[in-house]
Amino acid sequence: MPRAFYVGLTGGIGSGKSTVAALLAQWGAVIMDADAIARSLTAPGGLAIAAITRQFGPDFITAEGAMDRDHMRALAYTDPHAKQQLEAIIHPLVGQETWRQAASAQAAGQNCLVFDVPLLVESASWRQKVDHVLVIDCLPATQIMRVMARSGLEKTAVEAIMAHQCSRQRRVRAADSVIFNDGLTHGDLSREVAALAPRLRLSLHPAN
(Lines give C-alpha, C1' and ligand atoms only; values in the text may rest on other atoms or scores of the structure.)
Protein backbone atom coordinates (compact mmCIF):
# COMPACT_ATOMS: atom_id res chain seq x y z
CA MET A 1 0.00 0.00 0.00
CA PRO A 2 1.50 3.40 -0.96
CA ARG A 3 2.11 5.80 1.90
CA ALA A 4 -0.50 8.50 2.46
CA PHE A 5 0.30 12.10 1.57
CA TYR A 6 1.40 13.91 4.74
CA VAL A 7 0.33 17.55 5.12
CA GLY A 8 1.63 19.77 7.90
CA LEU A 9 -1.00 22.38 8.80
CA THR A 10 0.11 25.37 10.84
CA GLY A 11 -0.61 29.01 11.56
CA GLY A 12 -0.49 31.53 14.35
CA ILE A 13 -3.09 31.66 17.09
CA GLY A 14 -6.36 33.02 15.73
CA SER A 15 -5.42 32.40 12.11
CA GLY A 16 -8.35 30.04 11.45
CA LYS A 17 -6.28 26.87 11.34
CA SER A 18 -8.94 24.78 13.10
CA THR A 19 -11.60 25.95 10.64
CA VAL A 20 -9.40 24.94 7.72
CA ALA A 21 -8.73 21.57 9.36
CA ALA A 22 -12.48 20.97 9.58
CA LEU A 23 -12.89 21.87 5.90
CA LEU A 24 -10.06 19.52 4.93
CA ALA A 25 -11.77 16.76 6.90
CA GLN A 26 -14.88 17.31 4.78
CA TRP A 27 -12.74 16.57 1.74
CA GLY A 28 -11.64 13.27 3.24
CA ALA A 29 -8.45 14.21 5.09
CA VAL A 30 -7.74 12.59 8.44
CA ILE A 31 -6.71 15.20 11.01
CA MET A 32 -4.10 14.59 13.72
CA ASP A 33 -4.58 17.56 16.06
CA ALA A 34 -1.53 18.08 18.30
CA ASP A 35 -3.34 20.56 20.55
CA ALA A 36 -6.29 18.20 21.05
CA ILE A 37 -3.92 15.35 21.86
CA ALA A 38 -2.03 17.54 24.35
CA ARG A 39 -5.32 18.51 26.01
CA SER A 40 -6.30 14.85 26.37
CA LEU A 41 -2.92 14.09 27.95
CA THR A 42 -3.43 16.83 30.54
CA ALA A 43 -7.11 16.12 31.22
CA PRO A 44 -8.20 14.16 34.30
CA GLY A 45 -6.64 10.71 34.02
CA GLY A 46 -4.37 11.85 31.18
CA LEU A 47 -1.01 10.16 30.70
CA ALA A 48 0.94 13.34 31.49
CA ILE A 49 -0.72 14.14 34.84
CA ALA A 50 1.51 12.00 37.06
CA ALA A 51 4.72 13.42 35.56
CA ILE A 52 3.40 17.00 35.79
CA THR A 53 2.52 16.48 39.44
CA ARG A 54 6.00 15.12 40.18
CA GLN A 55 7.72 17.95 38.33
CA PHE A 56 5.64 20.95 39.37
CA GLY A 57 3.70 19.85 42.44
CA PRO A 58 -0.01 19.44 43.22
CA ASP A 59 -0.66 23.19 42.98
CA PHE A 60 -0.59 22.79 39.19
CA ILE A 61 -3.37 20.18 39.21
CA THR A 62 -7.03 21.16 39.52
CA ALA A 63 -9.47 19.60 41.95
CA GLU A 64 -10.83 17.55 39.03
CA GLY A 65 -7.37 16.10 38.33
CA ALA A 66 -6.48 18.05 35.18
CA MET A 67 -3.46 20.26 34.66
CA ASP A 68 -4.28 23.83 35.72
CA ARG A 69 -3.73 25.41 32.30
CA ASP A 70 -3.96 29.03 33.47
CA HIS A 71 -1.50 28.48 36.32
CA MET A 72 0.89 26.59 34.06
CA ARG A 73 0.62 29.17 31.28
CA ALA A 74 1.51 31.97 33.68
CA LEU A 75 4.56 30.04 34.90
CA ALA A 76 5.71 29.07 31.41
CA TYR A 77 5.61 32.65 30.14
CA THR A 78 7.75 33.91 33.02
CA ASP A 79 10.11 30.94 33.44
CA PRO A 80 11.66 29.52 30.24
CA HIS A 81 13.13 26.59 32.17
CA ALA A 82 9.69 25.58 33.44
CA LYS A 83 8.38 25.78 29.88
CA GLN A 84 11.17 23.44 28.74
CA GLN A 85 10.39 21.03 31.59
CA LEU A 86 6.71 20.92 30.61
CA GLU A 87 7.55 20.41 26.94
CA ALA A 88 9.90 17.55 27.87
CA ILE A 89 6.90 15.81 29.45
CA ILE A 90 4.22 16.64 26.88
CA HIS A 91 5.98 16.57 23.51
CA PRO A 92 7.14 12.92 23.50
CA LEU A 93 3.66 11.77 24.53
CA VAL A 94 2.01 13.93 21.86
CA GLY A 95 4.42 12.49 19.28
CA GLN A 96 3.64 8.91 20.28
CA GLU A 97 -0.12 9.43 20.07
CA THR A 98 0.13 11.41 16.82
CA TRP A 99 2.00 8.64 15.05
CA ARG A 100 -0.24 5.97 16.55
CA GLN A 101 -3.22 7.76 15.00
CA ALA A 102 -1.34 8.20 11.72
CA ALA A 103 -0.48 4.49 11.54
CA SER A 104 -4.10 3.59 12.17
CA ALA A 105 -5.32 5.94 9.41
CA GLN A 106 -2.66 4.65 7.02
CA ALA A 107 -3.67 1.05 7.72
CA ALA A 108 -7.28 1.99 6.98
CA GLY A 109 -6.25 3.14 3.50
CA GLN A 110 -6.57 6.91 3.99
CA ASN A 111 -4.69 8.86 1.33
CA CYS A 112 -4.21 12.25 3.04
CA LEU A 113 -3.16 12.75 6.65
CA VAL A 114 -3.12 16.29 8.01
CA PHE A 115 -0.90 16.99 11.00
CA ASP A 116 -2.31 20.08 12.72
CA VAL A 117 0.81 21.36 14.53
CA PRO A 118 0.83 24.95 15.85
CA LEU A 119 4.63 25.01 16.28
CA LEU A 120 5.48 23.07 13.12
CA VAL A 121 7.81 25.77 11.76
CA GLU A 122 9.54 26.18 15.12
CA SER A 123 10.20 22.43 15.32
CA ALA A 124 13.56 21.10 14.20
CA SER A 125 12.08 17.88 12.85
CA TRP A 126 8.51 18.38 11.61
CA ARG A 127 9.36 19.82 8.18
CA GLN A 128 11.20 16.63 7.26
CA LYS A 129 8.25 14.47 8.30
CA VAL A 130 5.62 15.95 5.96
CA ASP A 131 5.28 16.21 2.19
CA HIS A 132 3.55 19.59 2.12
CA VAL A 133 3.33 22.52 4.56
CA LEU A 134 0.07 24.49 4.48
CA VAL A 135 0.19 27.78 6.39
CA ILE A 136 -2.93 29.70 7.39
CA ASP A 137 -2.01 33.36 7.59
CA CYS A 138 -3.70 36.60 8.61
CA LEU A 139 -2.81 40.03 9.91
CA PRO A 140 -1.67 40.26 13.56
CA ALA A 141 -4.52 42.65 14.37
CA THR A 142 -6.98 40.04 13.11
CA GLN A 143 -5.37 37.36 15.27
CA ILE A 144 -5.72 39.54 18.36
CA MET A 145 -9.34 40.43 17.60
CA ARG A 146 -10.35 36.79 17.02
CA VAL A 147 -8.65 35.42 20.12
CA MET A 148 -10.02 38.16 22.35
CA ALA A 149 -13.52 37.49 21.02
CA ARG A 150 -13.41 33.71 21.48
CA SER A 151 -11.47 33.42 24.74
CA GLY A 152 -12.00 36.67 26.61
CA LEU A 153 -8.26 37.19 27.01
CA GLU A 154 -6.88 40.71 27.29
CA LYS A 155 -4.97 42.13 24.34
CA THR A 156 -1.68 41.98 26.23
CA ALA A 157 -2.23 38.28 27.00
CA VAL A 158 -2.84 37.48 23.32
CA GLU A 159 0.23 39.48 22.32
CA ALA A 160 2.28 37.50 24.84
CA ILE A 161 1.14 34.23 23.26
CA MET A 162 1.96 35.55 19.79
CA ALA A 163 5.41 36.65 20.96
CA HIS A 164 6.22 33.01 21.78
CA GLN A 165 5.29 31.90 18.24
CA CYS A 166 7.48 32.44 15.20
CA SER A 167 6.98 35.45 12.96
CA ARG A 168 4.51 35.52 10.07
CA GLN A 169 7.42 35.98 7.67
CA ARG A 170 9.24 32.88 8.88
CA ARG A 171 6.04 30.82 8.77
CA VAL A 172 5.20 31.90 5.22
CA ARG A 173 8.76 31.24 4.01
CA ALA A 174 8.43 27.64 5.24
CA ALA A 175 5.15 27.06 3.38
CA ASP A 176 4.39 25.12 0.23
CA SER A 177 0.90 26.68 0.21
CA VAL A 178 -0.56 29.67 2.03
CA ILE A 179 -4.19 30.58 2.64
CA PHE A 180 -4.51 34.26 3.60
CA ASN A 181 -7.52 34.06 5.88
CA ASP A 182 -8.22 37.73 6.45
CA GLY A 183 -11.56 39.23 5.50
CA LEU A 184 -12.80 35.92 4.11
CA THR A 185 -16.28 34.58 4.73
CA HIS A 186 -16.64 30.90 5.58
CA GLY A 187 -17.73 30.33 1.99
CA ASP A 188 -14.62 32.10 0.69
CA LEU A 189 -12.42 29.95 2.91
CA SER A 190 -14.23 26.82 1.77
CA ARG A 191 -13.49 27.74 -1.84
CA GLU A 192 -9.81 28.29 -1.00
CA VAL A 193 -9.65 24.79 0.47
CA ALA A 194 -11.50 23.34 -2.52
CA ALA A 195 -8.96 24.89 -4.91
CA LEU A 196 -6.10 23.37 -2.91
CA ALA A 197 -7.65 19.93 -2.39
CA PRO A 198 -6.29 18.24 -5.57
CA ARG A 199 -2.70 19.20 -4.62
CA LEU A 200 -3.22 17.38 -1.34
CA ARG A 201 -4.55 14.23 -3.06
CA LEU A 202 -8.04 14.85 -1.76
CA SER A 203 -11.29 13.96 -3.48
CA LEU A 204 -12.75 16.48 -5.91
CA HIS A 205 -16.09 16.12 -4.14
CA PRO A 206 -16.32 16.96 -0.42
CA ALA A 207 -18.16 14.63 1.90
CA ASN A 208 -21.68 15.55 2.83
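This passage walks through the overall form of the protein and then visits a handful of its residues.

The structure described here is a predicted model. A good place to begin is the secondary structure: the protein contains 10 helices and 5 strands. The C-alpha trace extends over about 50 × 40 × 30 Å when laid out along its principal axes. A compact globule of 208 residues would have a radius of gyration near 17 Å, and the 18 Å found for the protein agrees with that value. Of the 208 residues, 41% count as buried. The accessible surface amounts to about 10800 Å², and carbon and sulfur atoms contribute 55% of that area.

The contacts tell something about how the chain is put together. Among pairs in contact that are at least 6 residues apart in sequence, 72% join residues at least 24 apart. As for charge, the protein carries 20 positive and 19 negative charges, and the mean positions of the two groups lie 6 Å from each other.

The cysteines come next. A disulfide is a covalent bond between the sulfur atoms of two cysteines. In this model the count of disulfides is 0. C166 shows how this looks for one residue: the closest cysteine sulfur belongs to C138 and is 13 Å away, so the two are too far apart for a bond, given that a disulfide needs sulfur atoms within 2.5 Å. C166 is also buried, because its relative accessibility of 9% falls under the 20% limit. C112 counts as buried too, with a relative accessibility of 0%.

Helix α1, which covers residues 17-26, offers two residues to look at side by side. K17 lies in this helix and is buried, with a relative accessible area of 11%. What is K17 in contact with, leaving aside its neighbours within four places in sequence? The partners are L9, T10, G11, D116, P118 and I136. S18 is found in helix α1 as well, yet S18 counts as exposed, because its relative accessibility is 52% and the limit for that class is over 50%. S18 can also be placed relative to a residue much further along the chain: S18 and L189 are separated by 171 residues in sequence, while their C-alpha atoms are 12 Å apart in space.

Another stop is H71, in helix α4, which runs over residues 69-78. With a relative accessibility of 34%, H71 counts as partly exposed. Once neighbours within four places in sequence are set aside, H71 is in contact with D59 and F60. For D59, the separation from H71 is 12 residues in sequence and 8.5 Å in space, taken from C-alpha to C-alpha.

The last residue to visit concerns the backbone. Most residues other than glycine have a negative phi, and most peptide bonds are trans. R201 is not a glycine, although its phi is positive, at about 65 degrees. R201 sits in the segment that follows α10, a helix spanning residues 186-196. The side of the picture that concerns accessibility is simple: R201 is partly exposed, with a relative accessible area of 47%.

How values were computed
Residues numbered from 1 in each chain as written. Predicted model: local features only at pLDDT ≥ 70, side-chain atom pairs only at ≥ 80, totals over all residues. Heavy atoms only, no water. Helix = DSSP H or I, 4+ residues; strand = E, 2+ residues; numbered from the N terminus. Rg over C-alpha atoms; globule rule 2.2 N^0.38 Å. Buried < 20%, exposed > 50% of the residue type's maximum accessible area, 1.4 Å probe, protein only. Contact = heavy atoms within 4.5 Å. Areas by Shrake-Rupley, 256 points an atom, 1.4 Å probe, with all protein chains shown as cover. Lys, Arg positive; Asp, Glu negative; His and termini not counted. Charge placed at Lys NZ, Arg CZ, Asp CG, Glu CD.
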